[in-house]
Amino acid sequence: MTATIVSPYTSDRLETFSKLKCKECGAEYEAKAMHVCELCFGPLEVAYNYEAIAARVSRETIQAGPLSIWRYRDFLPVKTENYIDVSTGMTPLIKANRLAKRLGIKNLYIKNDAVNMPTLSFKDRVVSVALSRARELGFTTVACASTGNLANSTAAIAAHAGLECCVFIPSDLEAGKVLGTTIYNPKVFAVHGNYDQVNRLCSEVANTHGWGFVNINLRPYYSEGSKTLGYEVIEQLGWQLPDHIVAPLASGSLFTKIYKGFNEFVEVGLVDKKAVRFSGAQAEGCSPIATAFKEGRDFITPVKPKTIAKSLAIGNPADAVYAIDIAHKTNGNIESVTDDEIIQAMKLLAETEGIFTETAGGTTIAVLKKLVEAGKIDPEETTVVYITGNGLKTQEAIQGYVGEPFLIEPKLDSFERALERSHTLENLEWQTVSV
């Protein structure tokens, strides 16, 4: 059942999109709340009028826009001017000189969505778009199936927009992510099962209750928000494309939408065309995409996740085939890393660049390191690594793997003894300090 409420937010604004299109058979549909082709069951995505966009936008019009994802308003599937703007986007692109030196490369940048607003992950981008479209379509209750970050974003932005909200999460989610959802007072359902089981339940709920599920019946609109990670990198590099990007893979959607965003800016003449290599990162405990890539398959075998990288733990990823295709045709790679490598990479990023990322970011940095060591990243090329979430949400992952404070008395001699001890431990390269 789909909501049929007449929305007060409709507009006669010249449309840059008007339909959904199947990625497999090309069938076209009205731009409503649906995500699967009725003919071939392929995924639907938003189709744009690029001629209309090209006639309207320029570098100057974009730069004159708000300091949020809505500066790219004409590339996003929202028809009215009453979109939900919570200052999402325009996160830093950091020249990571210390990390680059440690790895043995030169031109490394980090796109840091660990500081994205309002909930410190890239999911704020996709939810801002999805809920803006949900409101246009007349939904008053929004929902999601989530591994954590999406629950945070949906709850927060729904609260800001005055929408009723329900979120569904696996019951073993990190405490920080549960707290980061419940604070916004949505209805939270913790399901005994993994994300794939949660998602299947949500599909049934969406059909039964007619709610707007951001990553189910609103998925064609929701996923478009990830394109802004591509747009911003182009703008922040001085209106140039990078040579190589490395991004995490969960469902594979983020990966495919960055690719789409790069191509759209080329399509409308905002940036010169250039070959960009796309490499993806997964945890070994949930690596169906990386396994298929390594085995030369164009299909994936679903797996049961078992990894600390819970935000990437999707055992049956919806966009896997498209992510594999992009990696192949751009001469990129898809790699996986162990949980221990993830932890070490989280520490490496923190101690070299002062960025505390969650386990998904640790996965991406660990894969970056692995690709460099295997000679699969040119030391001279401009490489952009996407960090998609904040480490404050997954503190459990690194407990016991980092140093602890030196406990001292409020006396100078106590401090001096501890300082000497710290130097000794540094020389021995000990990781855990106990005094």
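This is a short walk through the structure shown above, which is a predicted model.

Let us begin with two residues that a record picks out. According to an unreviewed UniProt entry, the annotation "binding site" covers Asn149 and Thr388. Are these residues gathered or scattered in space? They span 240 residues in sequence, yet no two of their C-alpha atoms are more than 9.5 Å apart, so they gather at one spot. Both Asn149 and Thr388 also belong to the lining of the largest pocket.

Look at asparagine 149 on its own. You will find asparagine 149 in helix 5, which covers residues 149-161. Its relative accessibility is 5%, and asparagine 149 therefore counts as buried. Leaving aside residues up to four places away in sequence, asparagine 149 touches Ser121, Lys123, Lys177, Ser311, Glu358 and Lys393.

Now turn to threonine 388. This residue sits in a loop, the one between strand 13 (383-387) and helix 15 (412-428). Threonine 388 has a relative accessible area of 3%, so it is buried. Among its contacts, not counting residues up to four places away in sequence, are Asp113, Leu120, Phe122, Pro248 and Ala360. Another of them is Ser121, a residue that asparagine 149 touches as well.

From that loop we can step back into strand 13. How many of its residues are buried? Strand 13 is mostly covered, with five of its five residues buried. The cover reaches both faces: Thr383, Val385 and Ile387 are buried on one side, and Val384 and Tyr386 are buried on the other.

Which strands pair with strand 13? As background, strands of a sheet pair through backbone hydrogen bonds, either parallel or antiparallel. Strand 5 (residues 108-112) runs parallel to strand 13, and five bridges join the two. Within this pairing, tyrosine 109 stands opposite valine 384. Strand 10 (residues 244-248) also pairs with strand 13 in the parallel sense, over three bridges. There, histidine 244 has threonine 383 as its bridge partner.

Just ahead of strand 13 comes threonine 382, in the loop between helix 14 and strand 13. Threonine 382 has a relative accessible area of 19%, and because buried means under 20%, it counts as buried. Not counting residues up to four places away in sequence, threonine 382 touches Asn107, Tyr109, Pro242, Asp243 and His244. Two of these, Tyr109 and His244, have already appeared as bridge partners of residues in strand 13. For a sense of distance, threonine 382 and aspartate 319 are 63 residues apart in sequence and 26 Å apart in space, C-alpha to C-alpha.

Helix 14 (residues 359-373) is home to threonine 364. With a relative accessibility of 0%, threonine 364 is buried. Beyond residues up to four places away in sequence, its contacts are Val246, Ala247, Pro248, Ala281, Val385 and Tyr386.

A second sheet is worth finding in the model. This open sheet has four strands in the order 8-7-6-9, paired in parallel. At its edges are strand 8 (187-191) and strand 9 (212-213), each of which pairs on one side only. Two bridges join strand 9 to strand 6 (residues 141-145), and the two run parallel. One detail to look for is valine 142, whose bridge partner in strand 9 is glycine 212.

Next, consider the nonpolar interior. The largest nonpolar core has 78 residues, and those with the most contacts inside it include Phe75, Leu131, Ile245 and Tyr386. Helix 5 supplies the largest share of this core, six residues. Phenylalanine 75 touches, among others, Tyr48, Ile53, Val57, Phe265 and Leu270, not counting residues up to four places away in sequence. Apart from this core lies another, of 47 residues, among them Trp211, Phe213, Met346 and Leu371.

We finish with the cysteines. How many disulfides are there? The count comes to zero. Cysteine 25 is in no disulfide, and the nearest cysteine sulfur, that of cysteine 37, is 3.6 Å away. Cysteine 25 counts as partly exposed, at 42% relative accessibility. Cysteine 166 has its closest cysteine sulfur in cysteine 165, 6.6 Å away, which is too far for a bond. Cysteine 166 is buried, with a relative accessible area of 4%.

Methods: Residues numbered from 1 in each chain as written. Predicted model: local features only at pLDDT ≥ 70, side-chain atom pairs only at ≥ 80, totals over all residues. Heavy atoms only, no water. UniProt positions renumbered as here; feature names shortened; annotations may be inferred. 1 Å grid on protein atoms, 1.4 Å probe; cavity = no way out; pocket = protein on both sides within 12 Å on 5 of 7 lines; lining within 4 Å. Buried < 20%, exposed > 50% of the residue type's maximum accessible area, 1.4 Å probe, protein only. Contact = heavy atoms within 4.5 Å. Pairing = 2+ DSSP bridges. Disulfide = S-S within 2.5 Å. Core = buried A, V, L, I, M, F, W, Y, C linked by side-chain atoms within 4.5 Å.
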